Amino acid sequence: MIHLKKTDSNNSDFIELVRQLDSELAIRDGDYHAFYNQFNSINMIKYAILAYVDDVPVGCGAIKAFDTITMEVKRMYVSPNYRGQGIAGKILFELERWTIELGFEKCILETGINQPEALALYHKNGFKRTTNYGQYANVMSSFCFEKVLKA
């Protein structure tokens, strides 16, 4: 059974899953990894979700304020042995719900060209491609998405 837990970036399970994520992204992103990695610090993340299967931490995701109405989805990851079971969708749904609870109106996110599973996840969950924002504005290997949330 999948159990979701709200936490923050000080949680040791979250830290370990992000370490695994970063290891995978270093391979997937190749030469682009150093560029992307500079924007992926987990210091000061107040809102993180952990997914557990039988008390084993298997997935994570986080949100952080981007502006007064927008949360940015960060650090989405599911361990390879647990992919294809809907865990990422459950994490994303919970992050959206938390965004609404905190009084924000939409979520944005960035993912890379070398992450087809992430692209499929966001499309499937109603995120729409948008103009690349912020540090990703002129990065051709980045895809940015947004979703306006309903309370």
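"How many residues sit between S2 and S3 in their hairpin? Let's start there, and keep in mind that this is a predicted model. The answer is two residues, and aspartate 54 in the turn has a positive phi of about 50 degrees.

Okay, now the strands on either side of that turn. S2 covers residues 47-53, and S3 covers residues 56-65. The two run antiparallel, with seven bridges joining them. If you want one pair to look for on screen, take isoleucine 49, whose bridge partner in S3 is glycine 61.

S2 has another partner too. Strand S1, residues 2-7, pairs with S2 in the antiparallel sense, this time over six bridges. Look at isoleucine 49 again: here it stands opposite lysine 6. So how enclosed is S2? Largely, because six of its seven residues are buried.

Right, on to the cysteines. How many disulfides does the count come to? Zero. Just as a reminder, a disulfide is a covalent bond between the sulfur atoms of two cysteines. Take cysteine 60: it is in no disulfide, and the nearest cysteine sulfur, the one in cysteine 107, is 16 Å away. Cysteine 60 is also buried, because its relative accessibility is 0%.

And why does cysteine 107 not bond with its closest cysteine? Its sulfur is 14 Å from the closest cysteine sulfur, in cysteine 144, and that is too far for a bond; the cut-off is within 2.5 Å. Cysteine 107 is buried as well, with a relative accessible area of 0%.

That's my tour, thanks."

Definitions and conventions: Residues numbered from 1 in each chain as written. Predicted model: local features only at pLDDT ≥ 70, side-chain atom pairs only at ≥ 80, totals over all residues. Heavy atoms only, no water. Buried < 20%, exposed > 50% of the residue type's maximum accessible area, 1.4 Å probe, protein only. Helix = DSSP H or I, 4+ residues; strand = E, 2+ residues; numbered from the N terminus. Pairing = 2+ DSSP bridges.
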